[in-house]
Each structure stands twice: as structure tokens, then as C-alpha cells.
Amino acid sequence: MPILTPAYPQQSSAFNVNYSTMKIIKQTVIQGLKGIRQIRRQSSTNFNEGLKQWIKGVDFVDKYNHFVTIICVGIDKNIGEDFCNFVKNRIRVELVLSLEEYPKLEYSHISPNKSKKGKCEKRLIAGKKFKKFWEDNWCKQWIVGLNMPELFNYSKNEKIFLNYYFLKFIKKIKGKYIKHRKIERTNVAIHLRYTDIHEAKKFWGDN
């Protein structure tokens, strides 16, 4: 099925669709249709308010119960910006090829409009392996929704299991960057941090 872009010249963007984006598109269309039907059943006094809320949409962190925060960090701003741009261009591919191999993850969904950049919060790079970045650094963060089973529990065993796929994601992207840029490995880092719904709402919510 062709998906035509609204810009000129029109072209089909269907080649960009993978299993995850297909699920996200379908889910969004279904939720949008449900919202329209609810608005149509409302009284005239509530119609405009309901329509405004529907157009605004649902906050990203209200769509999922489990998340991963992707953090890229460089030893200074120049290296950090270059590295994080490299990471940004490869996130979606590696989510599919690495992270989504985790058996309990149906699909992942990177937020299209939530990211942060600048000096990293200490809590995000608290481990000893990030000690080099504690004083001076430049980093960027993205939040990714994880569509997990309803009863998924982030237990000790699941943490170990999920970290295997986190490391696979990290090694692929960082390895390619080091190879292309010929830069010292310790000058850049990527960290994938499991984020529950409470932390996501606190640091990424609209409120």
C-alpha cells in the first residue's frame, strides 16, 4: 500500500514502514476514530472542548507503561553534538534490529517530539564507567515507549535479560561511530536506561 507524502513532489514513503511503525500507525488510527465517535456523542456545549482535546492528542508518556531513555554523551560539546547526531540517525534502525529482538517486547516507539540536550543530569551518568564525563560533557536524551505485556514485571532476571539487548544496541552504534570517526572510544558513550511510568511522567510528561 503506497503512503504518499503531502510535500511536493509527492513520493511514497511506504519503504520506511516496518512492523513497529505499522503497529503504531494502526493503533493511532484506531484511537483517533474512537475519539471522534466519543466527540459525536457529546452535547453541543462539550463538543468544541472535546474536539480541541482530540486535536491536541494524548501525551506520549500516557501511551505506555514502560520506557527506555537513550542517552548519548560526549566529552565536550563538539564531540557530543557530532556523536549524538550520528546516534539519532541510527536509533530507529537499531531499535528494530537490536532492542526489538527482546522476546517480550512487541514493538518500540520513539517519541517524535520529546528530546533533551545539553549538560547531562548527574543521575543519568552516575556509574563509574561515566566518571570521565562527570565534570564536562554534552549529551542528548530520547524517550522510547515499550509495548510490553500488561503484566510485565521488571524483575532482577528481566533486568539482566533486557540489558543484553541494551548492550547489543549500544555496541552496534558506538562501534560504527568509532570506526567512521577514528575517535578515542572513551570520549563518547551511550546509555540505555529502563524508565518506569512514574519516572517518565516526572521527567518527560507535559505537566
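## Exercises on salt bridges, strands and a charged patch

Lys 23 forms a salt bridge with Glu 106, and their closest N and O atoms are 3.0 Å apart. This pair connects distant parts of the chain, 83 residues apart: Lys 23 sits in helix 1 (residues 19–40), while Glu 106 sits in the loop between helix 4 (91–97) and strand 2. Keep in mind that the model is predicted. With that pair as a warm-up, let's work through four exercises.

**Exercise 1.** Decide whether Lys 23 is buried, partly exposed or exposed, and do likewise for Glu 106.

*Solution.* Start with the cut-offs: buried means under 20% relative accessible area, exposed means over 50%, and partly exposed lies in between. Lys 23 has 27% relative accessibility, so this lysine counts as partly exposed. Glu 106, at 33%, also counts as partly exposed.

**Exercise 2.** Find the lysines that are linked with Glu 94 in a network of salt bridges, and work out where the partners lie.

*Solution.* Step one: Lys 172 meets Glu 94 in a salt bridge, at 3.9 Å from N to O. Lys 172 belongs to helix 5 (residues 156–181) and Glu 94 to helix 4, so this pair ties together parts 78 residues apart in sequence.

Step two: Lys 176 also meets Glu 94 in a salt bridge, at 3.6 Å from N to O. Here, too, helix 5 is linked with helix 4, the two residues being 82 apart.

Step three: put the pairs together, and Glu 94, Lys 172 and Lys 176 form a network.

Step four: check the cover. Glu 94 is buried because its relative accessible area is 3%. Lys 172 is partly exposed at 30%, and Lys 176 is partly exposed at 39%.

**Exercise 3.** Describe how strand 3 (residues 138–147) is covered, and identify what stands opposite Val 144.

*Solution.* Begin with the cover: nine of the ten residues in strand 3 are buried. Next, look at the pairing. Strand 1 (residues 66–74) runs antiparallel to strand 3 and is joined to it by nine bridges. Strand 2 (residues 107–118) is also antiparallel to strand 3, with eight bridges between them. Finally, focus on Val 144 of strand 3: Val 68 stands opposite this valine, and so does Ile 110.

**Exercise 4.** Which residues gather in a patch of positive charge on the surface?

*Solution.* The patch brings together Lys 77, Lys 88, Arg 92 and Lys 117. To place one of them, go to helix 3 (residues 77–88), where Lys 77 is found.

Note on methods. Residues numbered from 1 in each chain as written. Predicted model: local features only at pLDDT ≥ 70, side-chain atom pairs only at ≥ 80, totals over all residues. Heavy atoms only, no water. Patch = residues over 30% accessible without salt bridge, like charges linked within 9 Å, V, L, I, M, F, W, Y side chains within 5 Å. Areas by Shrake-Rupley, 256 points an atom, 1.4 Å probe, with all protein chains shown as cover. Salt bridge = Lys/Arg side-chain N within 4 Å of Asp/Glu carboxyl O. Lys, Arg positive; Asp, Glu negative; His and termini not counted. Charge placed at Lys NZ, Arg CZ, Asp CG, Glu CD. Helix = DSSP H or I, 4+ residues; strand = E, 2+ residues; numbered from the N terminus. Buried < 20%, exposed > 50% of the residue type's maximum accessible area, 1.4 Å probe, protein only. Pairing = 2+ DSSP bridges.
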